[in-house]
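Thank you all for coming, and please have the sequence and the 3D view open while I talk. I will go slowly, and I will name each residue as I reach it.

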Amino acid sequence: HTRAAAAMLYFVSCALLTFGPCAIVFHISNLSEEGALPKCLRAGGVYMSAQVLKFLFLAIALPAIAEPAHADVGYAIMQACLAAVDLVAMNLFLQKVSYQSWTRVLVVGLGWATAELVLTHLFPLWSGTRHAAFEWKYLQQSFDANITLLHTVTVTLVLLLRSRSGKTKATSSSVVHLGLGLVLVYHCFRSFLWRLLESADVVGWNLLAVKAAAAGVLHGSVAAVYRASEA
């Protein structure tokens, strides 16, 4: 009983670290006062639908393909194409949300990221923490979820800024336009980049630090462009 209680406590702690920031962002950004919860849920639904479509495509078109043990360029290109599908779906939904600019970004980014975390983190946490009273990798996964949230909001903001291309001085610059495009390319190939780092023995907390630094720098840069476009 003591071991089961410890495992449950560990699961709850990791789950709070994983999903707590999503709830905090939702409340401190006043999305609840905007009545934005249905839109956030709809954004999550769009994410889930995109994953189902990708799964069906892979099952029909590429049934025998398996994830390689190490970084593989061909597999990375396939992943990038699938990530581009997510970008298209996210952008289409973003254009349909009628809130003000930053609220639109939060609604789509937060709903999308939360659905992704539920799909990719909840079951591994539940199945893993039940069998271990403590293991660092699940804490690392929880912190990685926060990085995913920040990255998803950043990508959503990039899509918003690209839709404004040529409409403001800040988004008319060819350098800014190229930079925003590179962020999207990075989004599509980031899994491949992490695999390369893992091949170079950058793992665990070191890899997490690199991911956090990359997400922070990108968000700060894109947010600066956004503030300039709003000025």
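What follows is a short walk through the salt bridges, one helix crossing and one surface patch.

Before we begin, please keep in mind that this is a predicted model.

Let me start with charge, where the general idea is that side chains of opposite charge can pair when their charged atoms come close. How many salt bridges does a search of the whole structure find? The search finds three, and I will take them in turn.

In one of them, the side chains of D86 and K54 meet, with 2.8 Å from N to O. This pair links distant parts of the chain, since D86 sits in helix α3, residues 73-96, while K54 sits in helix α2, and the two are 32 residues apart. Are these partners buried or exposed? D86 has a relative accessibility of 12%, and because buried means under 20%, D86 counts as buried; K54, also with a relative accessible area of 12%, is buried too.

Another salt bridge joins K211 and D144, whose closest N and O atoms are 3.3 Å apart. K211 belongs to helix α8, residues 204-230, and D144 to helix α5, residues 136-163, so this pair ties together parts that lie 67 residues apart in sequence. Here K211 is buried at 16%, and D144 is likewise buried at 16% relative accessibility.

The remaining pair to describe is R164 with E230, where the closest N and O atoms are 2.7 Å apart. Because R164 lies in the loop between α5 and α6 and E230 lies in helix α8, the pair ties together parts 66 residues apart in sequence. R164 is buried, with a relative accessible area of 13%, whereas E230, at 44%, counts as partly exposed.

Now please turn to helix α2, residues 37-61, and look at how it passes α4: the two axes come within 7 Å and cross at roughly 50°. That angle makes α2 oblique to α4, and the crossing is right-handed.

Helix α4 also brings us to the surface, where M8, V12, L16, F123 and W126 make a nonpolar patch of about 490 Å². The elements that give two or more residues to this patch are α1, residues 2-28, and α4, residues 101-129. Which element gives the most? It is α1, with three residues. V12, which is found in helix α1, counts as partly exposed because its relative accessibility is 36%.

Definitions and conventions: Residues numbered from 1 in each chain as written. Predicted model: local features only at pLDDT ≥ 70, side-chain atom pairs only at ≥ 80, totals over all residues. Heavy atoms only, no water. Patch = residues over 30% accessible without salt bridge, like charges linked within 9 Å, V, L, I, M, F, W, Y side chains within 5 Å. Areas by Shrake-Rupley, 256 points an atom, 1.4 Å probe, with all protein chains shown as cover. Salt bridge = Lys/Arg side-chain N within 4 Å of Asp/Glu carboxyl O. Helix = DSSP H or I, 4+ residues; strand = E, 2+ residues; numbered from the N terminus. Buried < 20%, exposed > 50% of the residue type's maximum accessible area, 1.4 Å probe, protein only. Axes fitted to C-alpha atoms, helices over the stretch in contact; angles between N-to-C directions. Parallel < 35°, antiparallel > 145°, perpendicular 65-115°, else oblique. Left-handed = near helix turned anticlockwise from the far one by under 90°.
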